[in-house]
Amino acid sequence: MVEAAVSASPVVCSPLPMNCTVIQPGRLRYEPAYQLQMQCVNSIKNNPHAPQAYLILLEHEPVLTLGRRTADSELLVSREWLQERGIEMHEIDRGGKITYHGPGQVVGYPIVPLLGERRDVYKYLRSLEHIIITVLAGYGISGTRNPEYTGVWVGDSKVAAIGIGLTRWITFHGFALNVNTDLDAFSIITPCGISGKGVTSMQKLLGREIRLAEIHGKLVEAFRDEFGFQEMRESAD
C-alpha cells in the first residue's frame, strides 16, 4: 500500500491537455459497471494521439469487492450468507483489500491517461484524496489523510475508500464516498482490512440525507479543478 501524506494540500501538477467525459449511468450491478470502465480504457488505448479522460459516477447494487491483497479472514460471513441476501462478491484487479459498495454511496471511476509529470501513482492517489476532501469541506466536514492508510478520514472513521488499477498508465477503479450509505453493511467485513477503525458517512456526520446528484456535481467541479481538464463534457449515452 502506498503511504499517504498527512497534508491535505492539493497536488501541484500541470493541467492535463485533454477533455473529460462524465458518465452517470445511475445504479448498476458490479459487472456491467466494470465492463463500462474497460470500454473507456480501450477507447483511450485505441486513440493514443487524441488523449481523452472519463469520469464514471454511479451507485452499485450491494456488492463486496476484494482487492489483490485481501485476506480470507476479512470476510466475516459465509459466501452462502451473502448469496441468500443477494449480495454479490467479486475478486478484482485493483490494489487494496475488501470493501463494500451499495445504495447511497457515490462510486467514482476516473479513467485517466497519466501524462508527463502526472505519471506518478503516489501523486494520483493524493489527487483523489484532495478531490474528496475538497467536496467534504463544502459541507463543513473536515476530511483528512491518514499517514498509514490511503483514503479520506474524519477522525478515526473512514468516509471514502480508494483503490485503483493501472494499465499502460491509464487509471481505472477509483473511490467510494459514503454519502447516505447503510453503515451496518460494513459489519460483515473488516473494511479495507483495517481493524480498530470505524466507517462513517456524510449523512451520519451531518444528520441529514444529501442528494447524490448534488454530490456528483461537486465531484465534477473538483475533478476539473484538480486535473485542469480543458472541458468537462456530459456523456450523451
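**A tour from helix H3 outward**

In this predicted model, the structure holds 10 salt bridges, and a few of them serve as landmarks below.

Begin by selecting helix H3, residues 121-137, whose 17 residues reach 24 Å from first C-alpha to last, close to the 24 Å expected at 1.5 Å a residue. At its N-terminal end, add Asp 120, which caps the helix by placing a side-chain oxygen 3.0 Å from the backbone nitrogen of Tyr 122. Of the 17 residues of H3, 12 are buried, so the helix is largely enclosed by the rest of the structure. Showing the surroundings of these buried residues brings up their packing partners, among them strand E8 (157-167), helix H4 (202-206) and helix H5 (212-227).

Next, select Glu 129 and Arg 145, whose side chains meet in a salt bridge at 2.8 Å, N to O. Because Arg 145 lies in the loop between H3 and E7 while Glu 129 belongs to H3, the pair ties together parts that are 16 residues apart in sequence. Glu 129 is buried at 0% relative accessibility, and Arg 145 is buried at 7%. Adding Arg 126 completes a network of salt bridges that links Arg 126, Glu 129 and Arg 145.

For a contrasting setting, move to Arg 224 and Asp 225, which form a salt bridge at 3.2 Å, N to O; here Arg 224 is partly exposed at 38%, and Asp 225 is exposed at 57%.

Finish at Asn 180, in the loop between strands E9 (170-178) and E10 (198-199). Asn 180 is buried, with a relative accessible area of 16%, and its side chain reaches the backbone oxygen of Ile 210 at 2.7 Å.

Note on methods:
Residues numbered from 1 in each chain as written. Predicted model: local features only at pLDDT ≥ 70, side-chain atom pairs only at ≥ 80, totals over all residues. Heavy atoms only, no water. Helix = DSSP H or I, 4+ residues; strand = E, 2+ residues; numbered from the N terminus. Buried < 20%, exposed > 50% of the residue type's maximum accessible area, 1.4 Å probe, protein only. Polar contact = N/O pair within 3.5 Å; in protein donor to acceptor, adjacent residues only side chain to side chain. Expected span 1.5 Å × (residues − 1). Contact = heavy atoms within 4.5 Å. Salt bridge = Lys/Arg side-chain N within 4 Å of Asp/Glu carboxyl O.
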